[in-house]
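Good morning, colleagues. I would ask you to look at the structure on the screen while I go through its strand pairing and one feature of its surface.

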Amino acid sequence: SVNLKPGFAVNNSVLIYATVGWNQLTGKVTGNNITTNNTNFSGIGYGLGTMLMVDKNIFVKLEVQQLDFGSKTNTIDGYQVTYKPSATVGSVGIGYKF
């Protein structure tokens, strides 16, 4: 992923930000005696987050992001198979401010 995260400082302890970026993944379909080759997907992700200072140097980060990788169609044993990966990702982190 490569993301841009513009933010707004609510006060000295709270930052709220939006995130938008480009994401990539590699996947394959398996099941019912069928396996596809690895397929690369890329798409846009967007979301919101916040960083909260819990003391002078330590902060907590909370973020949620929706990822949409578009769709691709492959022919498997004469059948058209379309797959469209997407995900909703949440993250929690702890950081140290130098």
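I shall begin with the strands and then turn to the surface. Please bear in mind throughout that this is a predicted model.

Let us take strand β3, residues 14-27, as the point of reference. Which strands pair with β3, and in what sense? Strand β1, covering residues 2-4, runs antiparallel to β3 and is joined to it by three bridges. Within that pairing, L4 stands opposite V20 in β3.

Strand β2, residues 7-9, also pairs with β3 in the antiparallel sense, again over three bridges. Here A9 faces L15 of β3 as its opposite residue. The connection between β2 and β3 is a hairpin of four residues.

The third pairing is between β3 and β6, which are antiparallel and share 14 bridges. As a point of orientation in this pairing, Q24 stands opposite S42 in β6.

As a general remark, side chains in a regular strand alternate between the two faces of the sheet.

I now turn to the surface. Which residues make the nonpolar patch? The patch consists of V54, I58, I94, Y96 and F98, and its area is about 650 Å². One of these residues, V54, is located in the loop that lies between β6, residues 39-53, and β7, residues 58-68. Is V54 buried or exposed? The relative accessibility of V54 is 56%, and the cut-off for exposed is over 50%; V54 therefore counts as exposed.

That concludes my presentation. Thank you for your attention.

How values were computed: Residues are numbered from 1 along each chain as its sequence is written. This is a predicted model: local features need pLDDT of at least 70, side-chain atom pairs count only at pLDDT 80 or more; totals for chains, interfaces and linings use all residues. Side-chain values use heavy atoms; hydrogens and water are left out. Patches are made of residues with over 30% relative accessible area and no salt bridge: like charges are joined within 9 Å, nonpolar side chains (Val, Leu, Ile, Met, Phe, Trp, Tyr) within 5 Å. Accessible areas come from the Shrake-Rupley method with a 1.4 Å probe; for residues, only the protein chains shown count as cover. A salt bridge is a side-chain nitrogen of Lys or Arg within 4 Å of a carboxyl oxygen of Asp or Glu. Helices (H or I, at least four residues) and strands (E, at least two) are DSSP runs, numbered from the N terminus. Buried means under 20% relative accessible area, exposed over 50%, partly exposed in between (1.4 Å probe, protein chains only). Two strands pair if DSSP finds at least two bridges between them.
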